[in-house]
Amino acid sequence: MKSKNLWIVCILASALCFLSGCGGGDDNESTGSNAGTTGTSSKKDFTPEMGSVSVAGVVQFEGSAPARKKLNINKDVAGCMAEHGKTPPLSETVIVNDNKTLRNVVVYVSKGLAKYSFKKVKKTEPVVFDQVGCVYVPHVQAVMVGQPIHVKSSDDLAHNVHWKSKKNGDKNISQSSAGAIDKTTFVAKREEIGTAVFQCDIHGWMNAFVPVFKHPFYATTGEDGKFSFDMKLPAGKYTLTAWHEKFGKKSVKVEVKDGEAKSVVFTYSAKP
Amino acid sequence: MKDPITDRSLSWPLAIASALLLLSTAWVLYDEIWGARPWKGYQKTFRKVFVERLENFKQQQVAKEQDIRQEKSFLEMEEARKAAMEDAKKSLAEVQVQMDLINRKNAALTPAMQDARGRLGEFTYQLEKARKGKKEGEAKALEAKIEKIKAKKYKVAMPALEKGKTETVEMVFDEIAAEFSSLKNLRGDLQRQQAALNGPAREIQSKMASYLQARIHGLQPHQIDARITELKEKFRVGIQDYQIHVEDVGLVDRCQVCHLGAMEKVATTQKDLFDAGLKTSKEVWGDPSTYSKEKSALRRALVSHPRPDLLKVHDPEKFGCSPCHGGNGIATTSVVRGHGWHKYWLYPLFEMENAEAGCQQCHTGSLHLEGATTLNVGKEIFSERGCWGCHRMEGFDQEVDDLKLIATRQGVLTRERKELLKSQAFDEGMLDDEDDLYTDEQLDEAQKRLDQVYPYKLSEMETEEIELAKRRSSLHAQRKRVGPNLKDLRAKVKPGWLAHWIDSPHVFRPGTKMPSFRLDPDQVQSISAFLWEHAIDPERAGYLAALQKEAGKHLNQKAADAVRGKNLFETRGCMACHSMGEGDSSQGSDFAANLSRVGEKIQFPFLMRWIQNPRKRLVPSVPESKGRDRFHRDLYPDGDPYDAETDGVLLTTNATVMPQFRLPWDEVRDIAGYLMTQRGGGGSFEEVPPWLKAEGEAKEKLLADGQKWVSHFGCAGCHEIGGFETEGRIGTELTKEGSKPLDRLDFGLFTHQAKKLAFSTHDWIEPIHKDEGNWYTHKGFFVRKLGWVEQDEEGEDKLVYGPDFFDQGKERSREEKLRMPNFRLSKNENTAVTTFLLGSVDSQFPPRFYHNPEGRAKAIEEGWWIIKKYNCQGCHAVGVSDKPSLGELPWFDGRSAERTAPPTLVGEGSRVYSDWLSGFLRDPSMATGAHENRNGIRPYLAVRMPSFHFSEEEVGKLVRFFEAMSSQPTPYIKKENVPLSRKELALMRKAFTDKEGPCQKCHVGDGMIAPNFVHTPARLKPSWIRRWLLDPSQLSPGTSMPSGLFGTQAPWKYPPLMGYGGDHVDLFVRYLRQYDEGEAKALEKME
């Protein structure tokens, strides 16, 4: 009897050992994941005083400039042409300025800003797109996340304002007379450049690009092909990227020191 | 010398024996308590872990609820509720005052009322007793007493409105009773008033409750609490509480004895049980690095069923577990036994990757089963790769089965007709009889039969025969083969290419549907020679001349504009089925051939013919006779005439699913010209192949050999081949393959190896599925037989197993070797087909288990076959989550009509009338005469809805499919339209031509980018038009039609209709329903 009890005791004991064996373990995993979460929340709030480097430059164009095609205005001809006189407006897909520079190129910082959060430099001034003579003005205009976007019409005819984007929803409304304005487009997320656009389905040639950035370091080239960021960058290593609707992206890596005035030149050519 | 009596002792043997006895007792105990009941530990673990999991989840739910309570709309509701309560407060207080007064009055009246009623009751009783006893005197006295009581005046201190004040009133009994009942009525009124006043606030409150419920997915905190208490207090370790008994099947499933979380309402994954930071987690599971196999198995076992939605449809209490999953549901002694991974159990548990095989057992008829993604892929491969060309599988290539049924029925009819004619002749003979063999009655009967019975019966038979014949030729036209018609070979390809292709198709075109046969060079040569010889001779058929006549000057490769051709190829919709580009740079869909190298092999004129109308045959065919078209008189002047009686059906259309795009010849020429430039491999195949040079006896031999091999390899299963029109299938039927006894599957010389472990002493411990060395199972066979392609270290394709695997080690002649070709499936495709085959079983369930759809479900199931057959999903979204391959092409981004993808068909049944849809499907150009070069409904799109030349049966199935998908009532009865009054019409015309009304801009005229309104009355259902006008982006995301033109209710805000008091949207709908060409002209005049 005794030994039988002993057996049972043994079995129980081993079972206990087995169970207690399960109880071990350490904290590695939980601390690991904690470290991860603190990592993401430790972003520094960027303020304009932190920046000291001004970045500016120019986007050159090599080779012969492709001729700008006349837009095929085949609807509401009278209304659309009222603004343009007799010659129809030209396509804005590729505009090479007289000084051999490329217009409507968006230059922005694509890498090097991950450690900052830009909550404190929100832009509240709305960007405005106007529809003039059945053309979006301007053709390209970048915004910062959260910045208000207004779309108005100066044409006394019906447009539909069709907002298409990958991350910031779709919307399609009608504006039927001059003076109409829409303030409901809202961008809450960064977009892959080129994916957020306004277009008018009634007048199929009308479109405008709206690059969306999380930070304020972007600029669009104008009639002189020059660009400069409105805000100064802190010293550090960055990748600057230029984007053009037709010719795509080009990037350069730069390293800037405190107080420096950095000048960057991008060069596009007709044949890649 | 020792004394044998005193010295001999049995102590040792006894000690040893008792030790052994002890040991075995202990073992028995261990086994009884623990060893054979491994689930005990699981159950205890489950209880511990799951209680915490639930507590954890409850916290999440509570937090979620709090968040929601802070949401703006919720706070608004709360405000509204408070406001409503505030509104009602004053009135409620007034009502309450009235109520109080009534209560007080009631209380004041009660004593008097009770007193009077008590007395009256007593005396009335006595009076009745007295009357019964005929005691007149007594009765009279009592009557007097009653009268006295009734006349007695009670003094009641009647309360006034002001509290505490009373007014003394004198009342008799009748007055008191009347007052009482009037008070009762008053109280009822007041209560109703209270309810009405509380109504708004209550309504908001219930809205808030449902708002919460809709946003907190899953159980509410109090429900979770109840489950926790249940687990803590009522959880019993045992079997009884966790088994399912399905009585009518005699099924007992004890799966949940271990899989305790399976039916828990709180969805729980491994992660929830382990990584969620539970306290018990560490205690129970330990450090992940020292994880034992058992523990990870246990963790997998305790989760909730990953598809609770499926459990809702298949209630486990009615279906059990093992009917779907396989396994031995009653066994609980070990993991291996429970899962049926034992050589004596016929239905082993389907492994996770093949789980959907369980669906197939009962859902045999559906090609597309919602949610069964792996199984659906398996069936699609089975269908698209043409497995059914060699293997019969119920449901696939249905036309052949239907044709057989028709043939049988036709045979029966012929016999019956013969018999009928015989008895008719006999009856006629009776009437002619001059020997008076029959009585007058008999003759009358015969006359009657001749007059009334035979003619009707014969006419009935004739009707049926006509219908059968029609269906027969329609089935032939609708039957498609997987591979192209090889009678076209001589017109279509260069002879130099043929052998190259037959030898190894995947080399010329990676990813092709054509499998690779393992052929010797001489086989390739003879097959090529035979196919060439038995193809139509294009010269003798005069096909070039005919084509020249049709295409005229466009039949000119040099004139082709390849750049325009490329653009057309990309925008007309060719790439919804075809792909272009090799390897990673390939774009388009792989439903049909990749055309990157098509220019190397094809002949230009044929390509023109094919693109213009692939359905047009070079020569008509007689599919029910062998090789007859080669001797057809239409084709060869010296040929036989076609004889419907002996030759059977005459087929003038090609058996291809490729539709006709109704392209003009110049576009055809440019596309063909572009395709001719596609020479990705750089081959030219211009040389004359040796088999073509052979003559005389050598040629005879080649042809004889070729015929043998074409027949041997069953080429006619997928291709139309001259002389092989009526060839049957060469493979085994697979309809019940998953339940074929294992010993009837040919494991070749591998049988022993496959069962190796099954014969070892450990066979009852080792799972026969899991171990690589042990694969004597259906899965083990299918996976190896199908084989798959892997990339080796250098990125080269490597075949793993394959159909010839079971030939290994055998010395066999070429004729005896396994014939099945290599399909070069990927590993996932292999799994999908294996799953399909595993589920194709002869299941023994009672009828109620099977999915026998009727009505709507049946229409959907049948429709999917057609949708998949013609690849509708290449262009259109048919299900909500569909991503048509055409729309995925980067140039279809909706920037213009040229760049707009075809419309979604989600909700098509609710959009268009079924009779319009059937007409459109028959001819999408909606032209009145011949097929025209345009889209019928969206002429502005570059992409073209082609003509599929569906059979009537297919049109019917498609229309019913869309109606069913949109849950439309059948039959759908068109509602009558209320015509517009003159005033309304004027208003609408103004609205349409007004500059504020943008409708005309897109829907009418030259720059049209939306369907023309003239189609609306016949096409669109009014309820859909209304929904569309209100929010088009909801019905078709990304549409060009703007939203927000109308409000959903008054005040209406459509500017041009300002001043019209009615429903603006409704007016639009009514107007559009009467819009016609005349109206369009009227509008034009106004502008």
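Axes here are lines fitted to C-alpha atoms, for helices over the stretch in contact, and angles run from 0 to 180 degrees between N-to-C directions. Keep in mind that this is a predicted model.

**Exercise 1.** Work out how α4(B) and α6(B) are oriented to each other.

*Solution.* Start with the geometry: helix α4 (residues 72-132) of chain B and helix α6 (residues 173-215) of chain B cross at roughly 165°, and their axes come within 9 Å. Angles over 145 degrees count as roughly antiparallel, so that's what α4(B) and α6(B) are. Next, the hand: the crossing of α4(B) and α6(B) is left-handed. Finally, sort the residues of this contact by class, and you get 26 nonpolar, seven polar and five charged.

**Exercise 2.** Do the same for α16(B) and α34(B).

*Solution.* Helix α16 (residues 373-384) of chain B packs against helix α34 (residues 827-839) of chain B at about 95°, with the axes 7 Å apart. Angles of 65 to 115 degrees count as roughly perpendicular, so α16(B) and α34(B) fall in that class. Now look at who touches whom: the contact includes Leu375(B), Ile381(B) and Phe382(B) from α16(B), and Ala832(B), Val833(B) and Phe836(B) from α34(B). By class, the contact has seven nonpolar, five polar and two charged residues.

**Exercise 3.** Decide whether chain B is spread out or compact.

*Solution.* First take stock: chain B has 46 helices and 10 strands. Its radius of gyration is 42 Å, well over the 31 Å the globule rule gives for 1087 residues, so chain B is more spread out than a compact globule. Then check the box: the C-alpha atoms fill roughly 145 × 140 × 90 Å along the principal axes. As for burial, 32% of the residues in chain B are buried.

Technical notes. Residues numbered from 1 in each chain as written. Chains lettered and ligands numbered in written order. Predicted model: local features only at pLDDT ≥ 70, side-chain atom pairs only at ≥ 80, totals over all residues. Helix = DSSP H or I, 4+ residues; strand = E, 2+ residues; numbered from the N terminus. Parallel < 35°, antiparallel > 145°, perpendicular 65-115°, else oblique. Contact = placed C-beta atoms within 7 Å. Nonpolar A, V, L, I, M, F, W, Y, C, P; charged D, E, K, R; others polar. Rg over C-alpha atoms; globule rule 2.2 N^0.38 Å. Buried ≥ 20, exposed ≤ 12 C-beta atoms within 10 Å, placed from the backbone. Left-handed = near helix turned anticlockwise from the far one by under 90°.
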